[in-house]
Amino acid sequence: MPPVSNGRALLFLVMLLLTASAGGCARKIAGNDRLGPPWNTNVLDRESAWSEEKLPVAPLPPADKTLSFDDCILTAAHHAPDMAESLIGLELTQMDSESAYSKRFPSIQSFFRVIANTTRQHKQYEDTSFRLGFVVYGFEPVVSYFSHKASLLMEDIALLTHKTALEKKAGQIGDAILGLQSREKLRDLQKTRLEQAKQFSAYQKAKEGPTPNPLEQAKAAHFEKRIAAELEKTEASIASLLLNLKVLTGLDLDRKLSIDPASLNKMLDTDGASAILTKHSWESVWQTSPESTMFKLALKLRDYDIMVGWTRYLPTMNMDVYAANPTSDYATYSTKDDIFLNITFTMPLLDWGERERGLQGSRLRKLQELQRAKAARTGFAAGWQAAWNEYRMAAGSFEAARNKVAALALDEQRAELQYRSGQVDFSVVDNIRTRLYEEELAMLEAEMQLKLREFSNWLLSGNFRRRYFEDAGSNEAQAPL
């Protein structure tokens, strides 16, 4: 038998290589460009910066810059490890969406088979045979269509999850900045009170009289030490808050950090955070919230899951295209090969209710998701009312503490006038100052709690999303829930 020509064998090899090179092709990874400005501004080119161990990031702020609230948020979005992890999760979901889209088309596999007779006991079968074939396995166009639609919803859910993570990060940073602002005010108050305590201690030591009072001197000295210890505690608390901000923003822990708390106060005042919950209805905020949108998308996912359950009743298809010789599968003359097309449809006949149980389970899971959505909606409404009540209580506590401080400040002024005119001893002034100091501490705590409630309500009302994202919700789900 004449052997197969080298030219034909080479042709087979070239076709095999071309088929292998046509293996899937995914679009360029978008990175964080879907978030829109300001999250993707000043980011390095992704094509050159992306690698296995490095993400494309924005440059760090200068070491001598005083960071505002906005600076902290943007720095954390690009440099905090948990934000980078969340972004990678978004990228992986986008890649899964690309893979799901590619499954809407048949995946063609090729094979090149060489059959050689090594013993050659039969002369008629001693030629080497070359076989080229193409195979399509498990092509389910209907299932892959719904799977791709579901993967697009998962991509939107991942995007909303990343936005929610950024909002949660903003809440942590805002709380830390407000705490830092309160501690700085407390430090100034304690420094003033320490100077007054030193003044009173010196007064007790220099006080004229027939017999010095060592008890009063010791009491004044202990009070001075107490204020000094409280000041040291406050300094440590400020350092701890700055350290926490470095961790939250992803900055180096040895870096010097300076924060401008006034930027957050200005933003809250501009947006009217003191009464922001009265400017919006909880229903409108719930409709555009990430939680509500994710529930809508989850319900659509359950619908697709039900449709996939129905497709299990459709037949599956396999297809083979191959070259063969009807006379012999082992050896052939080069001029006697035929091209065969083999299409196989597989229809399940008896599965003991497996498909029906899968379909019923998909319907029940949708009902479960619907109940979760109802519970979340009710919880959001209750949380909205509770937040407003907590703000009112915090505002009342601050107003009461502020008026108490104002009244004691007047008592201090009167006692100072009486002391200068010789009507009372300086100890009367110091006693009033001690009471005033304790009330000022309570007022600072009440003020911080009020600011925290304002900031929390600012986040709850959706102002973070309106300020930092171009769109507050997904285009995939617009129906009310």
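1. Helices (H or I, at least four residues) and strands (E, at least two) are taken here as DSSP runs, numbered from the N terminus. With that in hand, Arg 255 can be placed in the loop between H6 and strand S4 (258-259). The model is a predicted one, in which local features need pLDDT of at least 70 and side-chain atom pairs count only at pLDDT 80 or more, while totals for chains, interfaces and linings use all residues. Residues are numbered from 1 along each chain as its sequence is written, and side-chain values use heavy atoms, with hydrogens and water left out.

2. Arg 255 deserves a careful look. A residue is called buried under 20% relative accessible area, exposed over 50% and partly exposed in between (1.4 Å probe, protein chains only), and a salt bridge is a side-chain nitrogen of Lys or Arg within 4 Å of a carboxyl oxygen of Asp or Glu. Arg 255 is buried yet has no salt bridge, and the nearest side chain of opposite charge, that of Asp 64, is 6.9 Å away; in this reckoning Lys and Arg are positive and Asp and Glu negative, with His and the chain ends not counted. Beyond its neighbours within four places in sequence, Arg 255 is in contact (heavy atoms within 4.5 Å) with Leu 60, Pro 61, Pro 62, Ala 63 and Lys 246. A polar atom of the Arg 255 side chain lies 3.0 Å from the backbone oxygen of Pro 61.

3. The structure holds 22 salt bridges. One of them joins the side chains of Lys 65 and Asp 71 at 3.4 Å, N to O; Lys 65 counts as partly exposed at 34% relative accessibility, whereas Asp 71, at 18%, counts as buried. Another is formed by Glu 235 and Arg 187, whose closest N and O atoms are 3.5 Å apart. This pair links distant parts of the chain, with Glu 235 in helix H6 (residues 214-249) and Arg 187 in helix H5 (residues 141-206), 48 residues apart.

4. A salt bridge within one helix is found between Glu 354 and Arg 357, with the closest N and O atoms 3.0 Å apart. Because these two residues are three apart in helix H10 (residues 354-420), about one helical turn separates them. Salt bridges that share partners also join Arg 226, Glu 230 and Glu 438 into one network.

5. A nonpolar core is a set of buried Ala, Val, Leu, Ile, Met, Phe, Trp, Tyr and Cys residues joined through side-chain atoms within 4.5 Å. The largest has 48 residues, of which Phe 69, Ile 173 and Trp 458 touch the most other members, and H5 gives the most to this core, with nine residues. Leaving aside neighbours within four places in sequence, the contacts of Ile 173 include Phe 69, Cys 72, Leu 245 and Leu 248. A second, separate core of 10 residues includes Phe 398, Leu 408, Leu 436 and Ala 446.

6. Rings of Phe, Tyr and Trp (its six-membered ring) pair if their centres lie within 6.5 Å, and planes under 30 degrees apart count as stacked, over 60 as edge-to-face and the rest as tilted. By this rule the count comes to 16 aromatic pairs. The rings of Tyr 101 and Phe 105 have centres 5.6 Å apart and planes at 75 degrees, so this pair is edge-to-face. Phe 69, Phe 455, Trp 458, Phe 464, Tyr 468 and Phe 469 form one aromatic cluster.

Key. A polar contact is a pair of N or O atoms within 3.5 Å; within protein, one must be able to donate a hydrogen and the other to accept it, and residues adjacent in sequence count only if both atoms are side-chain atoms.
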